[in-house]
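Here is a quick tour of one model, written for someone who likes to check geometry by eye. Have the viewer open and follow along.

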Amino acid sequence: MKTNRILSLLLITLLGLGGAVAQAADQLVVYSARNEQLIKPLFDAYRAETGTEIRFVTDKAGPLLARLKAEGKNTPADLLITVDAGNLWKAAQDGMLAKVDSRTLQQNIPVSLRDPDNRWFGLSVRARTIVYSTARVKPSELSTYEALGDKQGKGRLCLRTSKKVYNQSLVAMMIAQLGEEKTEAIVRAWVGNLATDVFANDTAVMEAIMAGQCDVGIVNTYYFGRLQKKNPKLPLALFWPNQQDRGVHVNVSGAGVTRYAKHKAAAVKFLEWLSGDKAQRLFADANMEYPANPKVKPHPNVSAWGDFKQDTTNLAKAGELQVKAVMLMDRSGYK
Ligand code: FE
């Protein structure tokens with residue numbers, strides 16, 4: 001009994017010391033706007049591989065960014081994971097992210113999917129593309145985002161609200177490519193073709209198409225993937241627009257090391273690991289996205305949607321032109 005107690009005391013002391021050492025070198029705190037179910041498997045895999053303990057907080061992008069700002073130098077966060085380049089750009093613009101000079105990240109992540117100043121890096125790619133009713137639309141009737149505003153599309157279009165950053169980024173990237181005047185004409189034409197009020201989310205857009213309320217819409221590919229998983233005979237299909245010119249609008253979920261990270265070197269190491277083969281597959285497949293690292297193949301269910309040319313304008317533009325995009329949508333009557 002007594003020996004047992006001494007032994008367990010010794011064990012506790014040893015564990016305690018081990019814990020203290022681990023805490024100094026191998027602990028990370030992540031703020032994530034990506035759901036727990038999508039990121040937890042990555043944290044577990046990284047811990048299994050390196051011993052690094054990762055604590056995390058998940059919330060929506062807005063509150064997380066506000067929290068980072070309010071905490072300032074005292075923030076426990078080492079890494080910020082969030083969705084949409086618009087949000088990543090905002091975090092960098094607000095001075096919340098540190099520059100990371102890493103050859104690994106520069107090699108693994110294409111230029112268009114990362115900050116030109118190396119403060120954030122895309123880790124998974126989603127296309128925001130056209131979805132259509134296979135019962136009522138022939139793919140030959142479709143061509144570009146612009147053409148969704150054509151006369152023959154009157155009363156056939158469903159859109160998600162312009163309040164969502166995904167649409168703000170889409171329009172911002174159109175401004176980057178086409179200029180404000182042309183983009184405004186396109187957005188006005190979309191609004192003129194709307195079958196009904198805008199929807200709160202992408203899934204509702206697809207459900208409206210299935211219900212016959214409209215024939216075409218614009219959605220992120222992974223939402224289509226989720227519906228397709230539930231119903232393999234979905235009466236919807238994805239269409240890749242603008243293949244003759246700028247390509248399909250893509251966006252990312254991504255990450256950056258925080259400006260006041262207490263474990264900066266460990267955070268960079270983790271970020272580099274996230275851009276590598278194994279993590280890229282975990283990161284993308286969990287949400288039916290495309291790996292940002294072009295050397296890593298997408299999940300077969302995702303590849304099955306077909307190859308497409310993507311717009312390779314740097315996604316920082318989605319942030320830079322976000323205010324212009326919001327104002328443009330507002331004056332075009334896009335709610
Ligand atoms: Fe989403």
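## Helix 2 and what follows

Right after helix 2, G51 adopts a positive phi of about 85 degrees. Keep in mind that this is a predicted model. The helix itself runs over residues 36-50, and its 15 residues should span 21 Å at 1.5 Å a residue; the end C-alpha atoms sit 20 Å apart, which agrees.

Which residues of helix 2 are buried? They are L38, I39, L42, F43, A45 and Y46. Those residues cover an arc of only 165 degrees around the axis, so they end up on the same side of helix 2. Turn to the other side and you'll find Q37 and A48 exposed. As for partners, the buried residues pack against strand 1 (27-32), strand 2 (53-58), strand 3 (79-83), helix 10 and helix 11 (277-285).

## Aromatic pairs

Searching the whole structure turns up 10 aromatic pairs. One of them is F270 with W273: the ring centres are 6.0 Å apart and the planes make 15 degrees, so this pair is stacked, given that planes under 30 degrees apart count as such. F270 and W273 both belong to helix 10 (residues 264-274), where they are 3 residues apart, about one turn of the helix. In general, an α-helix has 3.6 residues a turn, so residues three or four places apart point the same way. Both rings belong to buried residues: F270 has a relative accessible area of 0%, and W273 has 14%, which is buried because the cut-off is under 20%.

A second pair, Y290 with W305, is edge-to-face, at 6.4 Å centre to centre with 75 degrees between the planes. This pair links distant parts of the chain, 15 residues apart: Y290 is in strand 9 (residues 290-291), while W305 is in the loop between helix 12 (300-303) and helix 13 (316-320). Y290 and W305 are both buried.

Back to helix 2 for a moment. F43 and Y46, two of its buried residues, join F56, F270 and W273 in one aromatic cluster.

## The iron site

What coordinates the iron ion? Three OH donors do, from Y166, Y222 and Y223, at 2.0 Å. Along the sequence, the donor residues follow the spacing Y-x55-Y-Y. Y166 sits in helix 6 (residues 165-178) and Y223 in helix 9 (residues 221-230), so this pair ties together parts that are 57 residues apart in sequence.

Y166 and Y223 are both buried. Y166 has a charged neighbour too: the charged end of K164 sits over its ring, 4.5 Å from the centre.

## Two more spots to click on

Is E184 buried or exposed? With a relative accessible area of 15%, E184 is buried. You'll find E184 in helix 7 (residues 180-193). Setting aside neighbours within four places in sequence, E184 is in contact with L328, R331 and S332.

S140 is another story. Its relative accessibility is 66%, so S140 counts as exposed. S140 lies in the loop between strand 4 (121-133) and strand 5 (157-158). If you want a C-alpha to C-alpha distance to try, S140 and F239 are 99 residues apart in sequence and 9.9 Å apart in space.

Notes:
Residues are numbered from 1 along each chain as its sequence is written. This is a predicted model: local features need pLDDT of at least 70, side-chain atom pairs count only at pLDDT 80 or more; totals for chains, interfaces and linings use all residues. Side-chain values use heavy atoms; hydrogens and water are left out. Rings of Phe, Tyr and Trp (its six-membered ring) pair if their centres lie within 6.5 Å; planes under 30 degrees apart count as stacked, over 60 as edge-to-face and the rest as tilted. Helices (H or I, at least four residues) and strands (E, at least two) are DSSP runs, numbered from the N terminus. Buried means under 20% relative accessible area, exposed over 50%, partly exposed in between (1.4 Å probe, protein chains only). A charge sits over a ring if NZ of Lys or CZ of Arg is within 6 Å of the ring centre and within 35 degrees of the ring normal. The expected span of a helix is 1.5 Å times one less than its number of residues. The arc is that of the directions from the helix axis to the C-beta atoms. Contact means heavy atoms within 4.5 Å. Donors are N, O and S atoms within 2.8 Å of the metal (3.2 Å for Na, K and Ca); water is not among the atoms, so sites may look incomplete.
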